[in-house]
Amino acid sequence: MKESWSAFDTFEPHFRPLVVIELAKDTKEETKEWLTQRIEDKKKNGGAQLLVKPLAKEDGGKIDGNENIYLVGASYLRLLLGAETVGLVKECNDNSMRTFTYSSRKTFKDFAEDNHNFLTMSECQYIIKHELENLRAKDEKMIPGYPQAKLYPGKSIVRRLLTNGILIQFFPLHDKEELKKLRHIWYSRVKISFQPLDEIRCYFGETIALYFGFLEYFTFALVPMALIGIPYYVFAWEDYDKYVMFASFNLLWSTVILEVWKRCCARMTYRWGTLLMKRQFEEPRPGFHGVLGINPVTGKEEPVYSSIKRQLRIYLVSLPFVCLCLYLSLYVMMIYFDMEQLALDYHEENETSFSNLMLFVPSIIYAVVIEIMNRIYRYAAEFLTSWENHRLESSHQNHLILKVLVFNFLNCFASLFYIAFVLFDMKLLRQSLATLLITSQILNQFAEALFPYWLQKRHNKKIKKRMCASKMDSDLSLFEQINMEKEMGTYLGTFDDYLELFLQFGYVSLFSCVYPLAAVFAVLNNITETYSDALKMCKIFKRPFSEPTANIGVWQLAFETMSVISVVTNCALIGMSSQVNAIFPESKTDLILIVVLVEQIKLAAESLKDETHEGKKRI
């Protein structure tokens, strides 16, 4: 039975800061007092029943520039009650996994009244985030001191503060000692080993741990392709038509690895307790706006926006814009082929080492242009998706991912399809694939890790100089830590990381049969990617809030779609090969029918696997 909150005193004599709140510099005093009061108030009075204190010296004095920074924590009892509220799943003494309840707390493994490590720090911070985001207005009509910031009963106070610019940010603090231990076992020493996924999950949460788990799994899955690809490349370097066996292996590989990943993912998330977690009711996203009305499902008063208006925005503005961008991408592709022809003509006229190098210049330029176009389009897609005004964050993310994936797929792979199935030039296909793959990997490593790391190091030096100028001693290291972390970049999620792996999967599964070293370069890139991503999580970005998740979400569908496309592509390449054509020298019709039959059998097998998997889940 769920305990009543009024039965508990959640006061904690020892304050442990877990979350930092930063308000705008010109925030009014009455707003600060009202907000802190609402955070500290008991649940029965509509508060969050958390602990909050301003950032100050031990003697109580304020530090210039830090008057609007507050630290939020909670008592151990409060966190246990919060764990029940959010539905955390923990392991019981009988090794089963069950939703945690405070009344049955002693039946859970490793629980003790004085064991404050029963909940990981990331779980504690997730609970505080949940309570802050669910801090709701009662009878207030506006935020005190800001008449334009309207409130209504049930409105999330934190979301209103964010949209009105009163609340700059709130983020979880790093634990310096735990972070030091994690860095030591994760990336401080270069070694070939499994990643500490359980430790990553405890510190950063399941979403981040699942990404690194998928990155590790995908890297190991690429190893067979790489081992086969090296001798295949060495012994058939100039024979571009001997790719049938490799393409056949590609057909099986691209499907099997995704099916095995589903099992690995389910095993991990069951152990972590998120596979069985009940999905929380999704609140409107902070950027959602509309006319105040009644939600027909919940009966609550909240902004309402016409779905017809949203559909008109999608089909009359967003869709034509995406189509225009796709046309622009194809136009740039044709310019690239003109450059290729100019480079080839120049080489045929001169035939020097320099002219030989010039053959690679168009592909390199095109690869750089592709990366630039992808990044510019990403900003446009984010703006359009926000403008469409989706009510839920999941809907917003799905529409954004769809826009980005469609453009990135065409932008990155259209030239390869054109070379393979229009020009029928396997030599140029190999050259283009190699150049696009390697150039994109180098640019991504620089843009995602090396450049941000250099900027962050420069900024940290400035912060330390400012601290020294303020005559802050070593006892005030918390101030230095908070000042450094609040200026760090915000980690925007795993979107870009999964997108990079998605495109890499496309390069390998679609056309690596004509360039078998693609898997080798992908493995090398992913090994460095593991270290660079670990570095940026620990050194470059603020600590993200933990987000419980049971799988990699819509990205699983994206990878499976790419797998289906790779089946069709590899079957077509097999049908075009001279080896297969030699078997059917007279009748092209028989060849086409056999290729289509193989393709359909493969797609049917995939569909049957998916249906079996869904059936098991329902059972």
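A residue is called buried when its relative accessible area is under 20%, exposed when that value is over 50%, and partly exposed in between (1.4 Å probe, protein chains only). Keep that in mind for Asn389, which is buried with a relative accessible area of 0%.

Before going on, a word on what you're looking at. This is a predicted model, where local features need pLDDT of at least 70 and side-chain atom pairs count only at pLDDT 80 or more, while totals for chains, interfaces and linings use all residues. Residues are numbered from 1 along each chain as its sequence is written, and side-chain values use heavy atoms, with hydrogens and water left out.

Back to Asn389. You'll find Asn389 in the loop between H11 and helix H12 (393–423). Helices here are DSSP runs of H or I with at least four residues, strands are runs of E with at least two, and both are numbered from the N terminus. Most residues other than glycine have a negative phi. Asn389 isn't a glycine, yet its phi is positive, about 65°. Gln49 does something similar: this non-glycine has a positive phi of about 55°. Gln49 sits in the loop between helix H1 (29–40) and strand S2 (51–54), and counts as buried at 5% relative accessibility.

Now look at helix H8, which covers residues 244–272. Its 29 residues reach 42 Å from the first C-alpha to the last, close to the expected 42 Å; that expectation is 1.5 Å times one less than the number of residues. Right after H8 comes Gly273, with a positive phi near 90°.

What does UniProt add? Its unreviewed entry lists several spans as "transmembrane region", among them 243–261 and 400–421. Positions from UniProt are given in the numbering used here, feature names are shortened, and annotations may be inferred rather than shown by experiment. In the model, residues 243–261 are 95% helix and 0% strand, with end C-alpha atoms 27 Å apart. Residues 400–421 are 100% helix and 0% strand, and their end C-alpha atoms lie 30 Å apart.

Some residues sit far apart along the chain and still meet in space. Ser512 and Asn250 are 262 residues apart along the chain, but their C-alpha atoms are separated by 8.2 Å. Ser512 belongs to the loop between helix H15 (495–511) and helix H16 (518–540), and is buried at a relative accessible area of 1%.

How many disulfides does the structure hold? Zero. A disulfide is a covalent bond between the sulfur atoms of two cysteines, and here the pair must be within 2.5 Å. Cys265 has its closest cysteine sulfur in Cys264, 8.7 Å away, so that is too far for a bond. Cys325 is in no disulfide either, as the nearest cysteine sulfur, in Cys323, is 9.3 Å away. Cys265 is buried at 5% relative accessibility, and Cys325 is buried too, at 12%.

Finally, turn to the surface. Ile308, Leu312, Tyr315, Leu316, Val317, Leu319, Phe383 and Trp387 form a nonpolar patch there, with about 830 Å² of accessible area together (Shrake-Rupley method, 1.4 Å probe, only the protein chains shown counting as cover for residues). Patch residues have over 30% relative accessible area and no salt bridge, and nonpolar side chains (Val, Leu, Ile, Met, Phe, Trp, Tyr) are joined within 5 Å, like charges within 9 Å. A salt bridge means a side-chain nitrogen of Lys or Arg within 4 Å of a carboxyl oxygen of Asp or Glu. Helix H9 (307–350) and helix H11 (361–387) each give two or more residues, and H9 gives the most, with six. Trp387 is in helix H11 and is partly exposed, with a relative accessible area of 30%.
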